[in-house]
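Hi,

Here is the structure I promised to pass on. Have a look at it first, then read my notes underneath.

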Amino acid sequence: MTAETSMRDAVVIGGGLVGAAIAWGLARQGLKPLVLDEDDLARRASRANFALIWVQGKGARAPHYARWTLGSARSWPGFAEELTQLSGIDIKLRQPGGFTLCLSDAELEDNAATLAGIRRDTGGEGASFEILDHRRTAELLPGLGRAVVGSTYSSEDGDVNSLRLFRALHVAMARSGVSYRAHSRVETIHYSGGLFRLEGPWGTVEAQKLILAGGIDNGRLASMVGLNVPLQHSKGQIVVTEKLAPFLAYPLGTLRQTDEGGVMIGDSEDTVDTSPRADPAINAVMVRRAIQMFPGLADVNMVRSWAGFRVKSRDGLPVYEQSAACPGAFVAVAHSGVTLAAAHALALAPQIAAGPLSRELSPFSTARFHVQAAA
Amino acid sequence: MSGPSLETASALASRYEAVVIGAGPAGLTAAARLAEGGASTLLLDENPAPGGQIYRSIEAAGAGDLRRLGPDYAHGRAVAERFRASGAAYAPRATVWDVGPATGPVAGGAADRASTSNRLVSLTLGGAGRAIEAGHVILATGAIERPMPFPGWTLPGVMTAGAAQIALKTAGLVPTGRVIVAGCGPLLYLLTSQLLDAGAEIAAVLDTTPRGNWLRAAPHAPGFLASAYMGKGLKLLRTVRTRTRVIGGVTALATEGTGALRAVRYGTGSGKGALEADLLLVHQGVVPNANFSNAIGCAHHFDEAQRAFVPDLDDWFASSLDGVSIPGDGGGIAGAAAAEVSGEIAALGALRRLGRLGEAPAMEAALPLRRRWKSLQRGRAFLDRLYAPSPAFLAPPDDDTIVCRCEEVRAGAVREAIGLGVAGPNQLKTFLRCGMGPCQGRFCAGTVTEMIAAGRGESPAAVGTYRLRAPVKPVRLSELASFPETPEAVLAVTGSHSTDRIEPLSTGDMQ
Amino acid sequence: MFRRLREAAPALRFRFDGEPLTGVPGDTIAAALLASGRLALRKSVVGGEPRAPYCMMGVCFECLVEVDGVANRQACLTPLTDGMEVRSQSGARTIRPAAGQEP
């Protein structure tokens with residue numbers, strides 16, 4: 001690739017779900033961003049997600065996160081409609097509510113307590129939920145296994161075809177004047193005179209605004225604009241089955257049938273292992289639980305399994321912040337790239353385009369980590 | 001003598017010094033040599049009988065079959081007999097779907113470091129799943145036919161030439177009605193000749209070999225002239241030409257028919273034609289069956305002459321993954337005779353690594369084998385260039401052509417995704433589900449790489465290919481669920497819940 | 001479509017979509033079906049197109065059939081046995097209904 005220098009009103013580093021949603025959101029504000037992405041085999045959470053638009057259980061002891069998530073889920077229908085119109089791709093959004101199935105009374109109690117706590121902490125704004133016993137759950141989920149003691153249900157949950165979402169965002173970017181360039185890992189970032197200068201073996205780009213959406217690479221990138229974003233290691237695994245005729249009308253927290261028919265079973269969290277290999281022992285536990293939930297799955301073939309690395313800050317919550325040292329540089333870290341896609345495009349991007357982030361987002365700044373560190 | 005075939009997962013030992021996967025010439029020879037060298041050896045194969053594709057049904061073949069299929073095929077009898085006499089354990093109809101580190105991830109993320117001495121082989125046999133340990137794994141997965149996409153290649157009545165040959169070898173099936181053979185490569189003419197001998201009516205051979213290939217191959221002709229291929233190859237060409245119509249320079253193919261093949265349309269530089277047909281057999285060479293080696297993490301590179309990704313191998317046919325060797329066509333296309341030799345060399349390397357054979361005797365035994373292997377490579381460079389597939393069948397120009405047969409992704413959609421600037425085949429796969437079906441990209445990986453390369457004006461080497469993951473073959477969830485679990489794995493799935501809160505899977509839930 | 005070179009020994013009886021057919025020992029299900037003039041064995045999952053065995057060596061997954069109630073078996077790798085019930089598949093398979101349900 002030839003070296004070149006060009007000036008951009010905004011550069012987004014990272015072409016995954018977070019970067020693409022923000023870039024498209026910026027284009028909706030009239031900017032012409034450039035998205036710089038890495039190679040084909042870079043570690044990409046957008047290829048390993050579970051495709052849930054999920055509210056249930058999110059925001060325990062973090063009411064600002066509960067509100068942010070709920071707000072995104074509620075703006076998803078409009079977001080999906082606009083994206084589909086622009087891209088011509090049906091991303092198969094459905095928000096019929098979702099279940100968390102529990103295989104023991106203890107699981108059910110823990111779960112219910114978490115959801116009640118979120119309701120309490122948000123002053124009743126958090127998603128409403130119901131606790132269902134086995135019989136009631138089985139009425140709504142035919143084929144349910146008798147090992148399921150009960151479930152929690154929240155009407156705000158849903159899912160989407162995340163592969164189509166990913167492609168639709170890239171088509172929408174292309175049709176909104178966003179440039180996308182793969183094989184462009186950013187090695188250095190210089191800031192001077194209010195401008196960012198990004199360099200790599202592929203060339204040089206200058207930008208007035210810089211958005212870091214580089215997933216697990218955000219720690220490295222943020223340090224070059226004076227931000228310290230502590231990330232934690234979090235590996236998840238997913239098992240996918242062959243396509244089945246539709247049998248499951250609702251998404252579950254750990255099991256869903258895609259619109260194409262395959263069943264996704266996940267997801268685990270391993271905070272130690274860094275190998276990209278899916279651990280068969282973890283798959284075995286996930287699959288056992290899935291068979292307990294729906295015994296008819298015992299006969300079904302797994303066709304694929306993979307491991308991915310979540311983009312998680314140290315406390316697991318998103319990070320949104322503008323650098324004080326390098327104003328104009330923003331960082332976005334979120335592991336729920338699907339759920340939050342609507343918020344990233346419709347709420348976060350306009351704030352980035354305008355300048356400072358809103359008060360609503362201030363609890364997401366990295367100050368929370370550094371206060372704790374000093375204490 | 002080898003004992004009876006092992007038919008159930010529980011009949012397997014929990015550990016073998018060597019596990020060989022695939023019972024073609026490389027696998028049979030490697031397993032025989034390992035067992036002869038004193039290593040406890042297990043040969044796992046998907047098919048019901050030894051032989052692989054090239055020596056399919058070799059043990060059951062009668063005199064007439066051997067005569068019809070020729071001396072190269074008949075040689076397989078000796079290969080199988082040596083294996084049977086070696087004492088290696090044999091489990092046919094076994095589906096191997098993973099080869100991983102023998103111990104789970106350890107603290108500090110050193111999962112790979114823990115894997116250096118043993119490998120864990122996951123398989124299905126007799127309907128049950130099992131994981132066994134192996135001191136060394138020989139992957140002898142052989143070759144698969146290179147995908148040859150064109151409009152209508154999914155229509156019933158279109159099969160690969162290899163498929164017709166397997167039907168002939170295993171069940172003595174001969175096509176009836178009007179048969180058209182299309183494509184390029186030595187196997188195309190071999191099959192045509194075999195089918196003619198068996199009494200089939202071959203209406204035409206549509207040869208897609210690009211006319212310029214002769215020029216590109218010419219500099220390599222000396223090697224070819226000195227090779228065993230030459231005499232056989234030229235004779236085949238002549239025989240076929242005298243017995244059926246050969247139409248050369250074919251640059252386009254399409255089928256006609258609803259529900260079943262009715263006719264084949266073709267185009268050449270000078271015009272178009274159509275032929276009524278009941279069966280169309282297509283072939284444009286073979287490529288290493290590298291799904292397994294790819295999925296378990298062996299390093300690969302793009303071989304320009306073979307126009308395919310092949311595993312990186314050292315001169316013992318050992319891969320980049322310690323304890324995994326890949327002899328035979330799975331390590332790079334070299335043919336059955338070379339596969340046998342490389343299987344022997346890989347076995348010597350494994351015996352040496354297992355401490356069953358000293359360095360000096362291993363080197364000494366390998367020396368003549370290496371010489372023989374090298375001599376068998378003669379002529380290969382010429383053939384690779386002569387039968388290099390036509391660009392029109394590597395990267396189909398017609399937008400309507402199905403690229404991914406499983407997910408029914410068409411060339412137009414692939415080109416659109418390329419137009420978005422996709423980073424490579426893996427991002428394209430995410431966009432389109434191309435390669436996500438049960439065949440796991442075996443029939444589209446090559447095409448996708450070629451299309452991206454053509455779109456970007458880059459070499460396939462720069463584009464890369466799908467990164468695959470186990471399972472290499474579909475596996476039933478109930479088998480997977482029966483695998484042993486660890487407290488760490490339970491924690492990873494159930495989070496804060498303690499291990500005693502997961503109920504054991506009762507047998508009543510299982511089918 | 002296909003004929004057998006050698007006339008075969010004792011026949012194995014099986015049924016395809018209820019229709020009685022025969023094969024010979026050593027046949028895979030796919031070979032026996034080809035010999036019986038059956039080409040299209042299923043309708044594809046995505047587009048509902050007819051599909052037939054393509055590679056005969058376990059690679060392409062085009063020959064998936066239901067064998068004795070178990071869906072998605074590779075006909076080209078499964079030896080034929082006497083009395084087999086083979087069924088064609090149309091689109092995605094279904095999971096066994098109500099398995100493990102409370103009585």
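How much area is buried between chain B and chain A, and what share of it do carbon and sulfur atoms give? The buried area comes to about 5,300 Å², and carbon and sulfur atoms account for 59% of that. On the chain B side, the residues that lose the most area to chain A are Leu420(B), Phe431(B) and Leu477(B), which together make up 13% of what that side buries. Please keep in mind that this is a predicted model, so every value here is computed from that prediction.

**Where the two chains meet**

Chain A brings 60 residues to the contact and chain B brings 55 residues. There are 18 residue pairs in polar contact across the interface of chain B and chain A. If you want to find the chain B side on your screen, look for β4 (94-101), α16 (425-432), β23 (475-476), α19 (477-481) and α20 (487-494), since each of these supplies at least two residues to the side that touches chain A. Which of them gives the most? That is α16(B), with six residues. Sorted by kind, the chain B residues on this side are 29 nonpolar, 15 polar and 11 charged.

Four salt bridges run between chain B and chain A. One of them is worth zooming in on: Lys243(A) pairs with Glu407(B), and their closest N and O atoms are 2.5 Å apart.

**A sheet built from both chains**

Now for my favourite bit. Which strands make up the open sheet of five? The order is β14(A)-β15(A)-β13(A)-β16(A)-β23(B), with antiparallel pairing. The edges are β14 (255-257) of chain A and β23 of chain B; each has a single partner strand, so one side of each is left without a neighbour in the sheet. In case strand pairing is new to you, strands of a sheet pair through backbone hydrogen bonds, either parallel or antiparallel.

The link from one chain to the other is β16 (residues 301-309) of chain A, which pairs with β23(B) over two bridges. There you will see Met302(A) opposite Val475(B). Within chain A, β13 (residues 235-243) and β16(A) are joined by seven bridges, again antiparallel, and Val240(A) faces Arg304(A) in that pair of strands.

Helix α7 (residues 280-293) of chain A lies across β13, β14, β15 (262-265) and β16 of chain A, at about 50 degrees to β13(A). Arg289(A), on helix α7, forms a salt bridge with Glu107(A), with 3.0 Å between the closest N and O atoms. Why is that pair interesting? Glu107(A) sits in helix α3 (residues 105-121) of chain A, so the bridge ties together parts that are 182 residues apart in sequence. Over all chains, the whole structure has 54 salt bridges.

**A sheet within chain B**

Chain B also has an open sheet of three strands, in the order β13-β14-β15, with antiparallel pairing. Its edge strands are β13 (250-256) and β15 (271-276); each has a single partner, so one side of each has no neighbour in the sheet. On average, neighbouring strands here are turned by 20 degrees against each other, ignoring direction. Strand β14 (residues 263-268) of chain B is joined to β15(B) by six bridges, and Val264(B) stands opposite Leu275(B) there.

Happy browsing!

Terms used: Residues are numbered from 1 along each chain as its sequence is written. Chains are lettered from A and ligands numbered from 1 in the order in which they are written. This is a predicted model: local features need pLDDT of at least 70, side-chain atom pairs count only at pLDDT 80 or more; totals for chains, interfaces and linings use all residues. Side-chain values use heavy atoms; hydrogens and water are left out. Contact means heavy atoms within 4.5 Å. Buried area is the accessible area (1.4 Å probe) that two parts lose on being put together, summed over both. A salt bridge is a side-chain nitrogen of Lys or Arg within 4 Å of a carboxyl oxygen of Asp or Glu. A polar contact is a pair of N or O atoms within 3.5 Å; within protein, one must be able to donate a hydrogen and the other to accept it, and residues adjacent in sequence count only if both atoms are side-chain atoms. Helices (H or I, at least four residues) and strands (E, at least two) are DSSP runs, numbered from the N terminus. Ala, Val, Leu, Ile, Met, Phe, Trp, Tyr, Cys and Pro count as nonpolar, Asp, Glu, Lys and Arg as charged, and the others, Gly among them, as polar. Two strands pair if DSSP finds at least two bridges between them. Axes are lines fitted to C-alpha atoms, for helices over the stretch in contact, and angles run from 0 to 180 degrees between N-to-C directions.
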